Amino acid sequence: MKVIIDENKCVGAGQCVLAAADVFDQRDEDGIVVLLNPLPPDDLGAQVEDAALRCPALAIEVVK
Amino acid sequence: MDHIVLVGASAAGLTAADALRLEGFTGTLTMVGEELCPPYDRPPLSKHVLAGTLEPHKTTLRQDADLQRLRMDLKLGRRATHLDPAARTVTLADGDRLDFDGLIIATGLRPRRLPFGRDLAGVHVLRTLDEALTLRAQLLAGPRVVVIGAGFLGTEIAATTRSLGLDVTLVGIEPTPLAGQLGTQVGGLVADMHQENGVRLCMGRSVTDLLGAGGRVSAVVLDDDTLLPADVVVVAIGSVPAVDWLADSGLPLGDGVLCDSTCQVAPGIYAAGDVANWPHPLTGERTRLEQRTNATQQALTAARNLLAGPGGAKPYAPIPFGWTDQYDAKIQFHGWCPADARIEYVDGDPQARKFVALYHAGGRVVGALGWNSARTLRAYHGRLAAPIAA
């Protein structure tokens, strides 16, 4: 599983971090997403899918 | 379940479609949308689209290929006009009738309008992409703008239009902007920010009339007889749930579509997003959230519950989350921010416009707000206790 983020789309809602804190973080100043692990292990798959679905800006792409 | 119909083609409807397919629904999926364009996102409309910094097509929520992967019969520019829950049919304005086993209602909101001045040119509301583009075209002439309504939409429009260099007045019935949403203490900081940026504020005032000249708006009249000259007026005084098409359906309606705690309205019929009103399990109170993140979260729950059936349905108990971007401020909040809550600043400094505030009510933390503190705010998410019913 590979995760791709689009910083330009991100609105800083932080929903991804609430869904998968091992994979996503935020910059403090503007809340823009920080990708901690672009190749998360499979056991985080459901969390990462959930994060992608919950992102209001659709800034997360999951490639399997 | 063989045929699911989604009425409403915005964020909630689209997320429901996504979720149904992800959960393994292989039957026929039909989506009905009143607007002509494919599903798009609304939060950028009052900000980047109005400012002209985001091309309109970039608000599209799914590219064509992704929409095709959902294997959906997408009926755009078609309005649902009637629902028969017993016969399990949705009727469209052109007379077409759609049968369904499962239905998700996600028809969102319609802007409230003033009872006067509707026929005057230059008076706008902003809910759709078309309305945002029409308003933007008007702004290019450099008009004097009056924004009526100081909630999230009104304050964002004021910030955006002022950032375009226009003469802007913001009128609101509350003592401060966002008073009803974030309380007057944080609202006061919002007021300061707008004034420093050159927006004229008329707070604690209501609008009694709109004057016109030659068919075009010329001024806004306030309840203290103040006359605000205006070339463009934006009315942002809230919205009403788009339930007119359900009036004769027999479904329970009130402030929106009245669901149970699992978002079910009637057997096989669910609602999600701005239009859905449900008893929040944490508060016991009927709740309707006009938040972009709620459109997604509630649609996920409604879709999963529809497939799971009543026996497997889970209650919908989100901690609300919202945000607004104005000038250089990114304001975000978790939970509830009641106007009468006690505010505790726990991080940063309000005067420096970088802080986290907690909202205390009934001896608990019920809300957390961050101003340019997105990451720090999240750490306080866990401090939110389940609010008790009032």
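In this predicted model, Phe152(B) comes out as partly exposed, its relative accessible area being 24%. Its ring partner, Phe333(B), is tucked away instead: that residue is buried, at a relative accessible area of 5%. The two ring centres sit 5.6 Å apart with 10 degrees between the planes, so Phe152(B) and Phe333(B) count as stacked. The pair ties together distant parts of chain B, since Phe152(B) belongs to helix H5 (residues 152-163) while Phe333(B) belongs to strand E25 (residues 329-335), with 181 residues separating them.

A second aromatic pair in chain B brings together Phe321(B) and Trp323(B). Here the geometry is tilted, with 35 degrees between the planes and 6.4 Å from centre to centre. Both of these residues are buried. There is also an aromatic cluster, made up of Tyr345(B), Phe355(B) and Trp371(B). Across all chains, the search of the whole structure turns up 5 aromatic pairs.

Turning to how the chains meet, the contact draws 19 residues from chain A and 24 residues from chain B. About 1,900 Å² is buried between chain A and chain B, and carbon and sulfur atoms account for 54% of that area. On the polar side of the ledger, 4 salt bridges run between chain A and chain B. One of the salt bridges joins Asp28(A) to Lys354(B), whose closest N and O atoms are 3.1 Å apart. Polar contacts between chain A and chain B come to 9 residue pairs, counting those with both residues at pLDDT 80 or more. As for what chain A brings to the contact, helix H1 (15-19), strand E2 (24-26) and helix H2 (45-54) each provide at least two of the residues on the side that touches chain B. By type, the residues on that side of chain A split into 7 nonpolar, 5 polar and 7 charged.

Back within chain B, Thr59(B) sits in the loop that runs between helix H2 (45-51) and helix H3 (64-69). Despite being a loop residue, Thr59(B) is buried, with a relative accessible area of just 3%. A polar atom of the Thr59(B) side chain lies 2.7 Å from the backbone oxygen of Pro56(B). Leaving aside residues up to four places away in sequence, Thr59(B) touches Tyr40(B), Asp41(B), Pro44(B), Leu45(B), Val49(B), Leu54(B) and Leu129(B).

Definitions and conventions. Residues numbered from 1 in each chain as written. Chains lettered and ligands numbered in written order. Predicted model: local features only at pLDDT ≥ 70, side-chain atom pairs only at ≥ 80, totals over all residues. Heavy atoms only, no water. Phe/Tyr/Trp six-rings, centres within 6.5 Å; stacked < 30°, edge-to-face > 60°. Helix = DSSP H or I, 4+ residues; strand = E, 2+ residues; numbered from the N terminus. Buried < 20%, exposed > 50% of the residue type's maximum accessible area, 1.4 Å probe, protein only. Contact = heavy atoms within 4.5 Å. Buried area = accessible area lost by both parts, 1.4 Å probe. Salt bridge = Lys/Arg side-chain N within 4 Å of Asp/Glu carboxyl O. Polar contact = N/O pair within 3.5 Å; in protein donor to acceptor, adjacent residues only side chain to side chain. Nonpolar A, V, L, I, M, F, W, Y, C, P; charged D, E, K, R; others polar.
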